[in-house]
Amino acid sequence: PDGAGEGESKVSSIGTGDFFQNLYKQSSFLLPWDILGPQPDLVSLQQEQPHLFAEPMLDVGAGVGGNSVWLTCSLGINVTACDVSAEALEEGQRRHAAASLQACTSVSPGALSSVPCDMLSEPLPRELTECGPFATALDSAVFHCVGGDDAQRQYVKALSALVKAGGHVVMLTMSDKSDSRGSTAGSQEPQRVSQEQLHGFFNERTGWEVKEIRECRYCVVGSSLTGQAPRNMAHAAWLMVACRLHE
C-alpha cells in the first residue's frame, strides 16, 4: 500500500527479509536487479556531483555488489555493504576481488566490507554502527521493498542513525509513474513511490532536507523466451538526494 493508513504493517521485515534471503539461495533464479554493474543514472549523478559520493560510504541492500564494485574499483571509495543476505554479500566480495585485479591503475581500489543485517532491526547491529557514521548512504532500489508505512519510517530512522550531520542519502526508488503490468513479483511487487511520499518521510521533522528529486530509470533484466538471452528493461523511478540535518 502507498497511502498512509492503508494496511499499516508491523515494524519488521514482514517476510520481506526472509524472501530475499531465500531468493539469493536459488542459484538458477534470474535476479532482475543484477545488471552486472551500477545503475546508469547513479553513474551520471556521480559525474555531475562527485561530492555526494563521499566516504565512508554505506551501500544499503547491496546485494551481489553491482554498485559496491563500481564505487570501490572504479572510484576508489571505501564502502560498507549491508544486506539481509549473507550469500549475496559473499558473491559481492567475489566480484570485488575479481574487479580489483582488473581495476584501472590510476585508481587504487577501495576496501569493501560486508555486514549481513536487517536495516529494520532495533537496535541496529553493532557491526554496522561501528563502521559509521557515514558520509553517504546509497539506497539503490531498497526503499520501495522494505514494507508498508511503519517499516519505511523505521528504515528512515535507521538511516538517520547511520548518516552523519551534513551527510547525504542518495536514493533510487521505483516511481508512481512506473507501470506494474507484466510484473511477476506477486506478493513481493515493489511499491510505487510518489514525490509526496518521499517528502513525507524525509523532512525537517525527521532530520532531513531533500535537495533534489529527479526522474530517472531503474534498469533491470527480464526473463525472455526459453533459449533467448534476458532482455534489458527500465522502470520509471525517482533519484532523490537528501542531506542529514544537524541534531
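These are my notes on one cavity, two single residues and one strand in a predicted model.

**Ground rules.** I number residues from 1 along each chain as its sequence is written, and I use heavy atoms for side-chain values, with hydrogens and water left out. As the model is predicted, local features need pLDDT of at least 70 and side-chain atom pairs count only at pLDDT 80 or more, while totals for chains, interfaces and linings use all residues.

**Strand β4.** I looked up strand β4 (residues 134–140) and found seven of its seven residues buried (under 20% relative accessible area, 1.4 Å probe, protein chains only). The strand is therefore largely enclosed by the rest of the structure. Strands here are DSSP runs of E with at least two residues, helices are runs of H or I with at least four, and both are numbered from the N terminus. Two strands pair if DSSP finds at least two bridges between them. On one side I noted strand β1 (residues 57–60), parallel to β4 and joined to it by four bridges. Asp59 has Leu138 of β4 as its bridge partner. I also noted β5, which pairs with β4 in the parallel sense over six bridges. Leu138 stands opposite Val170 in β5. From β4 the chain passes through helix α6 (residues 149–162) to β5, a right-handed β-α-β crossover (clockwise from the first strand over the helix to the second, with the strands pointing away from the viewer).

**Ser194.** I placed Ser194 in the loop between β5 (163–174) and α7 (195–201). Ser194 is buried, at a relative accessible area of 11%. Leaving aside neighbours within four places in sequence, its contacts (heavy atoms within 4.5 Å) are Asp176 and Trp238.

**Met233.** This residue lies in strand β7 (residues 231–244). Its relative accessible area is 29%, so I entered Met233 as partly exposed (between the 20% for buried and the 50% for exposed). Not counting residues up to four places away in sequence, Met233 touches Tyr218, Cys219, Val220 and Gly222. From Met233 to Val221 I read 5.7 Å, C-alpha to C-alpha, across 12 residues of sequence.

**Cavity.** I searched the whole structure and found one cavity of 30 Å³ or more (on a 1 Å grid over the protein atoms alone, a set of points where a 1.4 Å probe fits but cannot get out). The largest cavity holds about 30 Å³ of space, taken as the space filled by probe spheres set on the points. Its lining (residues with an atom within 4 Å of a point) includes Ala62, Ser68, Gln93 and Leu112. Helix α4 (86–101) and strand β3 (112–116) each give two or more residues to this lining. The largest share, three residues, comes from α4.

How values were computed
1 Å grid on protein atoms, 1.4 Å probe; cavity = no way out; pocket = protein on both sides within 12 Å on 5 of 7 lines; lining within 4 Å.
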